[in-house]
Amino acid sequence: MAFWHKKQKSAEGESLDLTRLPGHIAIIMDGNGRWAKKRGLPRTAGHAAGAETFRTIAYHCRDLGIPYLTVYAFSTENWKRPVEEVSTIMDLLHKYLLEALEKMERDGFCIKFFGDLSALPLELRDLCLETEQTGAAVSGAKYQINVCLNYGGRDEILRAARTWAQEILAGHQKIEDLTEEVFSRYLDSRGVPDPDLIIRPSGELRLSNFLPWQSAYAEFYFTDVLWPDFSPAVLDTALADFQRRQRRFGGV
Ligand code: IPE
Ligand code: IPE
Ligand code: MG
């Protein structure tokens, strides 16, 4: 655990104000394939390295006291990739979830999933459900990690709209009662505050279907660093950058 004081120089020598950290950081974990290619390794080696980075960054966020971390692990579009690559990613998810399941209680965090889990391999889906259930029972979990798995923002909105429409038909909802707040309760992110900061490494400047509803007023941070090379120091730089911004939410 880092010994953070109220003001702390980050590893990059930037001053972080620990009283003004974002409450929710969301990360598009991108660049695994290019990282591997640069080293003459198969893309799958990049995913293995990226999974290690995920663990490091999750613990760094926890040590900083950031209550919510959301990560994009597998999109609804990623099924287009070669089968071997997809199955390596699924295997890695299985491995890291098993580890997380063991450490949740000790380390005081819980895990939730955003996305349509119904399309996942059965064993992985069961493990996701077990992880969520175990996490929900962790008393005093102060940190929540949301893993976006078979997640697409448009798919999330459509699934929410379908559920809402079914409740209309069943007479449990009224059309005139639909507000942004009500609709949010049908999204995978229900109960989670919107992300304050969205980070995308690897030099791509797009959202790729990540949290379109929730990102309406998020701040964005892009870096050319590839995800497997992303370190706590890079995160601190992003946080220092975030703290120099003025958020207006449409006001003056
Ligand atoms: C992100 O890295 C991981 C997933 C999408 C699952 P990529 O595999 O997209 O890496 P690049 O973008 O090809 O370098
Ligand atoms: C977004 O990255 C999805 C994840 C990181 C899981 P992609 O690599 O799939 O996105 P595109 O294809 O570059 O837009
Ligand atoms: Mg990519």
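**Exercise 1. Which element gives the most to the lining of the largest pocket, and with how many residues?**

Solution. The model is a predicted one.

Step 1. Begin with the pocket itself: the volume of the largest pocket is about 920 Å³. Its lining counts 48 residues, and those closest to the centre of the pocket are Met29, Asn32, Tyr72, Ala73 and Phe74.

Step 2. List the elements that give two or more residues to this lining: H1, H2, strand E4 (68-75), H3, strand E5 (109-114) and strand E6 (143-151).

Step 3. Pick out the top contributor. H2 gives the most to the lining of the largest pocket, with ten residues.

**Exercise 2. Sort the lining of the largest pocket by residue class.**

Solution. The lining has 27 nonpolar residues, nine polar residues and twelve charged residues.

**Exercise 3. Find where ligand 1 lies and describe the residues around it.**

Solution.

Step 1. Locate the ligand: the space that ligand 1 takes is the largest pocket. Two or more residues of the shell around ligand 1 come from each of helix H1 (32-38), helix H2 (43-64) and helix H3 (83-107).

Step 2. Find the main contributor to the shell around ligand 1. This is H1, which gives three residues.

Step 3. Look at the neighbours. There are 13 residues around ligand 1, and the ones that come nearest are Asp30, Gly33, Arg34, Arg43 and Arg81.

Step 4. Divide the shell around ligand 1 by class: three residues are nonpolar, five are polar and five are charged.

**Exercise 4. Which side chains have an N or O atom 2.9 Å or 2.7 Å from an oxygen atom of ligand 1?**

Solution.

Step 1. Take Asp30: an N or O atom of its side chain is 2.9 Å from an oxygen atom of ligand 1.

Step 2. Take Arg34: here the distance from a side-chain N or O atom to an oxygen atom of ligand 1 is 2.7 Å.

Step 3. Add Arg81, where a polar side-chain atom lies 2.7 Å from an oxygen atom of ligand 1.

Step 4. Finish with the surface of the ligand. Ligand 1 taken alone exposes 380 Å², of which the protein buries 86%.

**Exercise 5. Describe the surroundings of ligand 2 and its polar contacts.**

Solution.

Step 1. Locate the ligand: ligand 2 sits in the largest pocket.

Step 2. Name its neighbours. Among the residues that surround ligand 2 are Ile28, Met29, Asp30, Tyr72, Ala73 and Phe74. Arg200 and Arg206 are also among them.

Step 3. Find the main source of the shell around ligand 2. E4 supplies the largest share, three residues.

Step 4. Sort that shell by class: five residues are nonpolar, two are polar and four are charged.

Step 5. Go through the polar contacts. An oxygen atom of ligand 2 is 2.6 Å from a side-chain N or O atom of Ser208. For Asn78 the corresponding distance is 2.9 Å, and for Arg81 it is 3.3 Å.

Step 6. Finish with the surface. The protein buries 77% of the 390 Å² that ligand 2 exposes when taken alone.

How values were computed. Residues are numbered from 1 along each chain as its sequence is written. Chains are lettered from A and ligands numbered from 1 in the order in which they are written. This is a predicted model: local features need pLDDT of at least 70, side-chain atom pairs count only at pLDDT 80 or more; totals for chains, interfaces and linings use all residues. Side-chain values use heavy atoms; hydrogens and water are left out. A residue is near a molecule or strand if one of its heavy atoms lies within 4 Å of it. A polar contact is a pair of N or O atoms within 3.5 Å; within protein, one must be able to donate a hydrogen and the other to accept it, and residues adjacent in sequence count only if both atoms are side-chain atoms. Accessible areas come from the Shrake-Rupley method with a 1.4 Å probe; for residues, only the protein chains shown count as cover. On a 1 Å grid over the protein atoms alone, a cavity is a set of points where a 1.4 Å probe fits but cannot get out, and a pocket is an open set with protein on both sides within 12 Å along at least five of seven lines; lining residues have an atom within 4 Å of a point. A molecule sits in a cavity or pocket if more than half of its atoms lie within 2 Å of its grid points. Helices (H or I, at least four residues) and strands (E, at least two) are DSSP runs, numbered from the N terminus. Ala, Val, Leu, Ile, Met, Phe, Trp, Tyr, Cys and Pro count as nonpolar, Asp, Glu, Lys and Arg as charged, and the others, Gly among them, as polar. Grid points are joined across faces, edges and corners, and a volume is the space filled by probe spheres set on the points.
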